[in-house]
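Morning, everyone. Please have the sequence and the model up on your screens. I'll take the backbone first, then a ligand.

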Amino acid sequence: MSLVIGLTGGIASGKSTVSNMLKEMNITVIDADVEARLAVQKGEPAYTKIINVFSHDILLPNEEIDRQKLGSIIFHDSEKRQQLNEIVHPEVRKRMKRKIEDANQNREEIVVLDIPLLFESKLTYMVDKTLLVYVDRSIQLQRLMERNNLSATEAEARVNSQMPLSEKVGLADAVINNNGSIQETKEQLHEVFNQWKINKKNR
Ligand SMILES: CC(C)(COP(=O)(O)OP(=O)(O)OC[C@H]1O[C@@H](n2cnc3c(N)ncnc32)[C@H](O)[C@@H]1O)[C@@H](O)C(=O)NCCC(=O)NCCS
Ligand SMILES: Nc1ncnc2c1ncn2[C@@H]1O[C@H](COP(=O)(O)OP(=O)(O)OP(=O)(O)O)[C@@H](O)[C@H]1O
């Protein structure tokens, strides 16, 4: 069986940055955001359910979901967010489980699940170890505003829709502090792997 590592953090905390480092080590990374995007494409069961709840107003002219519009609704309304989560999350779990099975069949030693809402959605049962990418809230907001070209209000709404990273620190098996440089983050990742005695060939 593959060792399953749950990589988590918050929005713009640096999960993709760390997951790219893992991919460079030839480790398979299953990204919940990617699976969530696939699960809501036109023709998928979640697509119809989303329209039933949010109406045709959230569609683009090409009939795909307007993610910006849906985001502007759910990041400001916890009830609507809950409704969307109830539609999308079971599909994401199914898709990730299938991919873990593939990794097992391919006899991969390690597989990483990149799940932003690992703790919020109580998905730790799916993984053997949890690795948190932490940043201070002020840096998180700054990087989010820059990356997504968001106002402070929009960035805060997104950050506030998740469990504070300071709380997640107490729940994770290991923490990488991503306040510093990318190189410092890489060094911490290798340190965690040493602690966990992960030293796969080619690494
Ligand atoms: C609201 C949507 C349409 C916005 O799409 P958009 O392309 O702008 O953002 P993207 O999907 O890349 O998500 C960016 C980040 O937002 C955060 N986020 C997304 N959904 C949620 C949510 N329901 N609650 C809290 N944070 C969330 C995560 O940190 C994620 O990494 C989209 O995020 C979505 O469908 N969310 C519901 C599914 C979900 O929970 N996905 C997160 C992982 S399963
Ligand atoms: N150590 C760092 N120093 C400077 N910038 C960084 C650092 N780590 C990440 N960034 C930048 O911060 C932004 C967020 O990082 P990243 O995309 O890795 O976060 P994420 O957790 O995957 O976000 P999301 O889940 O929202 O997609 C990106 O623009 C990235 O280039």
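Let's start with a cut-off. A residue counts as exposed if 12 or fewer other C-beta atoms lie within 10 Å of its own, and as buried if 20 or more do. Keep in mind that this is a predicted model.

Now, a general point. Most residues other than glycine have a negative phi. Two residues here have a positive one, so let's go through them with that in mind.

Take Asn 149. Its phi is near 55 degrees, a positive value, and the residue is not a glycine. Where is Asn 149? It sits in the loop between α6 and α7. Buried or exposed? Asn 149 has 8 other C-beta atoms within 10 Å, so it is exposed.

Next, Lys 197. Again not a glycine, and again a positive phi, about 55 degrees. You'll find Lys 197 in the segment after α9. Count its surroundings: 6 other C-beta atoms within 10 Å. Therefore Lys 197 is exposed too.

On to ligand 2. How many residues surround ligand 2? The count is 15. The closest are Lys 15, Ser 16, Thr 17, Arg 143 and Arg 147.

Which helices supply the shell around ligand 2? α1, α6 and α9 each supply at least two residues. α1 runs over 15–24, α6 over 137–148 and α9 over 182–195. With three residues, α1 gives the most.

Last, the classes. The shell around ligand 2 has eight polar residues, four nonpolar and three charged.

Methods:
Residues numbered from 1 in each chain as written. Chains lettered and ligands numbered in written order. Predicted model: local features only at pLDDT ≥ 70, side-chain atom pairs only at ≥ 80, totals over all residues. Near = placed C-beta within 6 Å. Helix = DSSP H or I, 4+ residues; strand = E, 2+ residues; numbered from the N terminus. Nonpolar A, V, L, I, M, F, W, Y, C, P; charged D, E, K, R; others polar.
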